[in-house]
Amino acid sequence: MKRATKSQNSKPQHQAALNALYERALPAKRTGPLYSAFPYPTKISPVAIALYIASHTKPGDTVFDAFAGSGMTGIAAMLCENPSDDLRAEAERLGLEVEWGARNAVLYEIGALGAFIGSTLTSPPDPQAFQEAAEHILQQVERDTSWMYAATDPDGNEGEIRHTVWSDLLRCPACRVELTLWEASVSLNPAKIASVFRCPYCSREASFEDVDRLTEIVSDDVTGKATERRARKLARVYGITGKTRWSRTPTKADYALLDRIAREPIPECVPNVRIPWGDLYRRGYHQGITHLHHFYTRRNLIVFARLWELAGNYESSLRDALRFWLLSYNAAHATIMTRVVAKSRQKDLVVTSAQPGVLYVSGLPVEKNIFAGLKRKQKTISEAFAATHGRSGNVYVFQRSSCSIDLPDGSVDYVFTDPPFGGNIPYAEISFINEAWLGNYTDRSDEIIVSANQKKTIKEYRELLTAALSEVNRILKPEGYATVVFHSASAEVWNALQAAYTEAGLNVECAGVLDKKQGSFKQVTTAGAVRGDPVLLLGKDPAADRANPECAYDIAKQLRQEALLLDPAEQTPQRLYSRFVSHFLTNHQNVPLDADDFYRWYDAQKPKKADNREGE
């Protein structure tokens, strides 16, 4: 670890113990009610953040987060007041010298949804009052609309729908017959979704890119206009009778139920808003999705809207808590972005939620039973509210840009923040589905992002980030520190971050890794993703002179050799790249390699298998 350069009097007295936060990868578990209450991209465990806050501050100090997201920093500050046994044990395991007690926090978040989540979680109502109100509106709406999820099992017994799978309609390029994507690609027992089209009528095989997806023109009773959309058909019904789960092909009764639902009026509270499509729009699977309500089946739109109406009848604190609960399930589970996947050795397809960080709509979208999902979610949210209700520390959440912070100079003791990671995630676009229900939208003008749609290049990204970090420097006390968590597979983005904090008058004093025990979706699936986020400790001392450039591959070899003496987690290419980035930033040098280039080098270092062929 590169030691801090501040004068001895301004250093934390427990500097040696503080090193534990940065010398070793700090675990950040992605579990627990506070973390799981609401899905939000790239958030960090509040328990992990609490360790940083407790180590850098004392009771009564003020913590600031410039990019607060869903408010985890505010929750972490609250956890310091009366830490759980697990939090105390983790601090002791790391050898941290902390003084537990209430801290105060100020959170700035430009996103309307993030600010709403953070505000609700840090100032929740009484958990029991929330439970009673949630149960009441569920009972009311279920009494009036449970018939929408009625279904009979294969033996004719009455049950209810757990979920249904819909399917895009296709036309075979050979025999021209109309059929469903399900017929052309899905098989069960074992479950499999084929990667190529195969017509069950003429056996023609083709790439799905060469198969026409059918559309239909329908009357849209929200916009009052005719709408062209992808044609879909009910493909499979999954239900439950008593405790017995079952599935079957659709019946005439299922289609009759859909006809009845089609005659049911759409509640007036459904927002009639056009989607401000940006970087996430795809001409193929977003065809016909021009307004918010196009992300729903009619059944789920009606049920969700009726719940939303009743939630609006409560006083402000309970109303926000109920809307928080509804929205926590909404985009990822109540829309047609829910999907099925085929897993090895499974007899049937497995239902999963929407893909985080994108607005992907599968050709086999899933329609879930909203009542069943919200009942499961209710317990988690009650536990989250109970964890923060009645804490004495003050947490203030503002829906504002950090490019202009309304706080006095030198008024903040410590900053913990994780800025947007370049062009990884267009937060405002992703959050639109929930923000439309709130009627409050993100102002994208100061959204710090690389975006072709917003005409923001890496230059604009760096300028906005510099403005925000300059404000962080201004409000931070002379002896204060800022911990910045960052994630990128792009050297260009890392160097933009370095330029931003340097121009803002901040300096990397040491660096570490935050070890997320379950990677975010993009960390798991994206080529070149970085497992484990580098953590930078920024101070206000001037940066040391920039060192002579070092050979990227010499440093990579050195880090690889050092990792062989450590635990296996440190030997992965993803973790090594995080350490590689940290090395160059702490030595005030540009990051020379993208993650992809680093991984190619890493693979080339593996011993080649011996050639056992003889005498050629």
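Helices (H or I, at least four residues) and strands (E, at least two) are DSSP runs, numbered from the N terminus. The model is predicted, so that local features need pLDDT of at least 70 and side-chain atom pairs count only at pLDDT 80 or more, while totals for chains, interfaces and linings use all residues. Residues are numbered from 1 along each chain as its sequence is written, and side-chain values use heavy atoms, with hydrogens and water left out.

**Exercise 1. Backbone exceptions**

Task: Locate Thr42 and Arg176, state the phi of Thr42 and of Arg176, and find which peptide bond at Pro190 is cis.

Solution: As background, most residues other than glycine have a negative phi, and most peptide bonds are trans. Start with Thr42, which sits in the loop between α3 (33-36) and α4; its phi is near 60°, a positive value in a residue other than glycine. Thr42 counts as buried because its relative accessibility is 11% (buried means under 20% relative accessible area, exposed over 50%, partly exposed in between, with a 1.4 Å probe and protein chains only). Next take Arg176, placed in the loop between β5 (158-171) and β6 (178-180), where phi is near 65° and thus also a positive value in a residue other than glycine. At 45% relative accessibility, Arg176 counts as partly exposed. Finally, the bond from Asn189 to Pro190 is cis, with omega near 5°, and Pro190 belongs to the loop between β7 (186-187) and β8 (192-193).

**Exercise 2. Two helix crossings**

Task: Describe how α12 packs against α14 and how α4 packs against α6, giving axis distance, angle, handedness and contact residues.

Solution: For α12 (residues 316-334) and α14 (residues 427-438), the axes come within 9 Å and cross at roughly 140° (axes are lines fitted to C-alpha atoms, for helices over the stretch in contact, and angles run from 0 to 180 degrees between N-to-C directions). This angle makes α12 oblique to α14 (angles under 35 degrees count as roughly parallel, over 145 as roughly antiparallel, 65 to 115 as roughly perpendicular and the rest as oblique). The crossing of α12 past α14 is right-handed (left-handed if the near helix is turned anticlockwise from the far one by less than a right angle, right-handed if clockwise). Contact, meaning heavy atoms within 4.5 Å, is made by Leu327, Asn330 and Ala331 of α12 and by Ile433, Asn434, Trp437 and Leu438 of α14. By class, the residues of this contact are five nonpolar, two polar and no charged (Ala, Val, Leu, Ile, Met, Phe, Trp, Tyr, Cys and Pro count as nonpolar, Asp, Glu, Lys and Arg as charged, and the others, Gly among them, as polar).

For α4 and α6 (residues 85-93), the axes come within 11 Å and cross at roughly 50°, and the two helices are therefore oblique to each other. Here too α4 passes α6 in a right-handed crossing. Val47, Ala50 and Leu51 of α4 meet Leu87, Glu90 and Ala91 of α6, which gives five nonpolar, no polar and one charged residues.

**Exercise 3. Buried surroundings of α4 and α5**

Task: Establish whether Ile49 is buried or exposed, list what Ile49 touches, and describe the burial of α5.

Solution: Ile49 is found in α4 (residues 46-56), and at 2% relative accessibility it counts as buried. Leaving aside residues up to four places away in sequence, Ile49 touches Ile44, Met72, Thr73, Ala76 and Phe416. Helix α5 (residues 72-79) is mostly covered, with eight of its eight residues buried; Met72, Thr73 and Ala76 are among them.

**Exercise 4. Nonpolar cores**

Task: Identify the residues with the most contacts inside the largest nonpolar core, and trace the surroundings of Trp325.

Solution: The largest nonpolar core has 113 residues, and Phe295, Trp325 and Trp437 have the most contacts inside it (a nonpolar core is a set of buried Ala, Val, Leu, Ile, Met, Phe, Trp, Tyr and Cys residues joined through side-chain atoms within 4.5 Å). Helix α12 supplies the largest share of this core, eleven residues. Apart from this core lies another, of 52 residues, including Leu464, Val484, Ala491 and Val508. Not counting residues up to four places away in sequence, Trp325 touches Phe130, Ala134, Ile137, Leu138, Leu374, Lys377, Gln378 and Ile381.
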